[in-house]
Structure formats: C-alpha cells, structure tokens
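This report describes a protein structure for a reader who is new to the subject. Please look at the sequence and the model before reading on.

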Amino acid sequence: MGGEDDPMDEVRWHKLRREQVAAVAAAGGVVLLPIGSVEQHGPHLPLDTDTDAATAVTERAARRLGDPPALVLPPIWWGLSPYWMGFPGTLTLRPETILALVADLGAGVARHGFRRLVIVNGHGGNAGLVGVAATLLADHGLRAAALSYWDLIPAEIAARTRHDGGSIGHAGEVETSIGLFLQPDLVRQELATPELCADLAALAAAPFAGAAYAPPDPARDSPSGVYGFAPAGRPELGEEVIELAAERLAAFVRHVAAGDVPAATVTGGEVG
Ligand SMILES: [Zn+2]
C-alpha cells in the first residue's frame with residue numbers, strides 16, 4: 001500500500017507521527033476501535049483471545065484499505081465479563097467504565113478531524129454495550145457503527161465448522177482455531193479434551209434459543225468454561241475466519257466512508 005512515506009504502510013494510530021494522523025483525517029479516513037476481553041478461555045487458550053482476534057481482524061482490514069484510509073486505535077483490552085470471574089485471571093470493567101472510555105476516545109478522535117468510527121468487537125458479552133457506545137458517539141459529531149467480527153461472516157463460519165454449527169461459542173472450535181493461528185505458542189491444545197466441552201448444538205436447540213440474550217451460566221451449562229468442541233481447533237480454520245472477517249470488514253468500512261450505512265446494517269433489521 002504505497003511508498004515508504006505513505007501513512008497507510010502503518011495502520012496503527014499509536015505508531016504514527018502526528019502529521020500522519022492529520023493526513024489521514026484530511027483524506028476522510030475512518031477510525032477503527034477494537035475491543036475484546038481479558039477473561040478465561042478454558043484451560044488451553046490465553047486470556048487475551050478475544051482482544052487478539054478483534055485486533056487481528058481490524059488491522060488486517062485496515063491494511064486492505066487505503067482509499068479511503070483507516071487507522072486502528074489501540075484496543076480496549078477489557079470487556080464486560082462478570083460471569084467468568086469465578087475463573088482465575090478474568091478481569092471485567094463496569095459497563096459505565098467502558099462507555100466512558102469509548103466516549104473519551106471518540107471525543108479525541110473527533111477533535112482531530114475524523115467523522116466516522118467503527119467499533120470492532122471480539123467478545124460476546126460486549127455486543128449490546130458497543131451498540132450503546134456507538135449510539136452515544138453522536139454526541140461528539142461522530143457517525144459510529146459497532147459490530148462483532150463473527151457476525152460479518154455467519155455463512156462462511158457455518159460452512160467451515162465441523163462440530164460447532166457455525167457458532168463462535170467460547171473457547172470452542174472457532175476460537176481455539178483462531179488461537180492456534182494467531183498465537184500458537186500460547187495454546188496448550190493437549191489440555192483441550194472432549195469432556196470439557198459443552199455441546200453448542202444442544203444449547204442451540206433449547207427453547208427460545210436465539211430469541212433472547214442471557215449471559216453464560218457456566219455452573220449450569222459448562223463448569224469447565226468451554227462452550228464448543230475445542231479439540232476440533234485447527235490453525236487453517238483460524239486463518240480462514242480471520243482473513244474472511246478482515247475482507248468483509250474492509251468492505252463494510254468502505255460503505256461507512258461513503259456515508260452509505262443504513263441503520264439496519266448494525267441493528268439486525270430493527271431500525272429504531
Ligand atoms: Zn472469546
């Protein structure tokens with residue numbers, strides 16, 4: 001993407017010099033904000049699995065752009081994870097802390113001349129909250145959108161999973177695959193044994209599945225904290241999911257930059 005002075009060779013906001021950021025703003029650039037979690041991901045995956053995935057998708061998407069350019073803010077590492085606090089290592093922020101963080105970052109981004117921002121989420125528990133955060137960014141003159149990366153490619157994931165039926169789960173087939181692709185040195189796949197794994201197909205068949213959000217209840221559903229068939233994890237699947245989501249996110253950002261995003265794109269059909 002361009003010559004050695006082209007700011008888009010480096011898409012991370014915090015690695016640029018000040019005039020490079022100004023040049024992207026002047027070119028109508030879009031700001032991307034990854035958010036994830038620091039939370040238990042079974043006995044076999046690192047705590048930063050969600051933040052690492054969201055950041056990887058976002059940076060890869062930004063590198064595919066250039067016209068319009070996009071910059072990636074440092075990720076918000078922590079999310080809303082109270083239901084995992086019974087497992088070692090999990091950290092959780094209060095919802096109001098997350099909303100305040102996004103609002104403060106949005107105010108700064110707007111101050112430096114940007115008008116569009118996309119929040120890219122990697123943690124299921126954040127999904128409702130990032131929609132609220134995007135709504136509140138209008139107070140700073142930003143047109144914002146929020147999405148979870150797996151929602152960009154549901155059919156692609158469904159076509160490629162062997163056990164988990166296209167669900168992202170938690171530390172199951174898809175997230176284990178992503179870990180094995182992005183940071184294999186931190187994955188202990190020999191600890192991902194079948195008896196740990198709650199069956200996502202059974203959960204998906206429960207009454208009212210898909211009609212309501214309820215947070216995970218590991219004491220009832222999965223005392224190991226694993227939802228999905230982790231032993232099926234394979235790096236090839238992780239690479240495909242990350243690259244396909246990045247490609248789709250880049251297309252979405254082009255729509256955002258063109259001022260072309262209908263509200264229904266981000267609310268699943270119910271506009272207001
Ligand atoms: Zn996760």
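On one side of helix α1, Arg18 and Ala26 are exposed, where exposed means over 50% relative accessible area, buried under 20% and partly exposed in between, for a 1.4 Å probe and protein chains only. Helices (H or I, at least four residues) and strands (E, at least two) are DSSP runs, numbered from the N terminus. The model is predicted: local features need pLDDT of at least 70, side-chain atom pairs count only at pLDDT 80 or more, and totals for chains, interfaces and linings use all residues. Residues are numbered from 1 along each chain as its sequence is written, and side-chain values use heavy atoms, with hydrogens and water left out.

**Helix α1**

Helix α1 covers residues 18–26, and Gln20, Val21, Val24 and Ala25 in this helix are buried. Seen down the axis of α1, these buried residues fall within an arc of 140 degrees, so they line one face of the helix; the arc is that of the directions from the helix axis to the C-beta atoms. An α-helix has 3.6 residues a turn, so residues three or four places apart point the same way. The buried residues of α1 pack against β2 (70–72), contact being heavy atoms within 4.5 Å. After α1 comes Gly28, with a positive phi near 75 degrees.

**Nonpolar cores**

A nonpolar core is a set of buried Ala, Val, Leu, Ile, Met, Phe, Trp, Tyr and Cys residues joined through side-chain atoms within 4.5 Å. The largest such core has 33 residues, and Leu32, Val118, Tyr149, Val241 and Leu249 have the most contacts inside it. At least two residues of this core come from each of several elements, including β1 (30–35), β3 (116–121) and α9 (235–257). Helix α9 supplies the largest share, 10 residues. Apart from this core lies another, of 27 residues, among them Trp13, Leu16, Ala134 and Leu142. Not counting residues up to four places away in sequence, Leu32 touches Thr58, Ala62, Ala70, Leu71, Val72, Leu73, Val118 and Val253.

**Loops and backbone**

Two residues have a positive phi although neither is a glycine. The table sets them side by side.

| Residue | Phi | Loop | Relative accessible area |
|---|---|---|---|
| Ala171 | about 65 degrees | between α5 (154–160) and α6 | 0%, buried |
| Phe208 | about 65 degrees | between α7 and α8 | 71%, exposed |

In the loop between α2 and β2 lies Pro68. A cis peptide bond joins Asp67 and Pro68, with omega about 5 degrees. Leu137, in the loop between α4 and β4, is buried at 1% relative accessibility. Leaving aside neighbours within four places in sequence, Leu137 is in contact with Val102, Ala103, Gly106, Leu117, Leu142 and Ala144.

**The largest pocket**

The largest pocket has a volume of about 1,400 Å³. Of the 42 residues that line this pocket, Ser167, Ala212, Tyr213, Ala214 and Pro216 are the closest to its centre. On a 1 Å grid over the protein atoms alone, a pocket is an open set of points where a 1.4 Å probe fits, with protein on both sides within 12 Å along at least five of seven lines, and lining residues have an atom within 4 Å of a point. Grid points are joined across faces, edges and corners, and the volume is the space filled by probe spheres set on the points. Helix α7 gives the most to the lining, with 4 residues.
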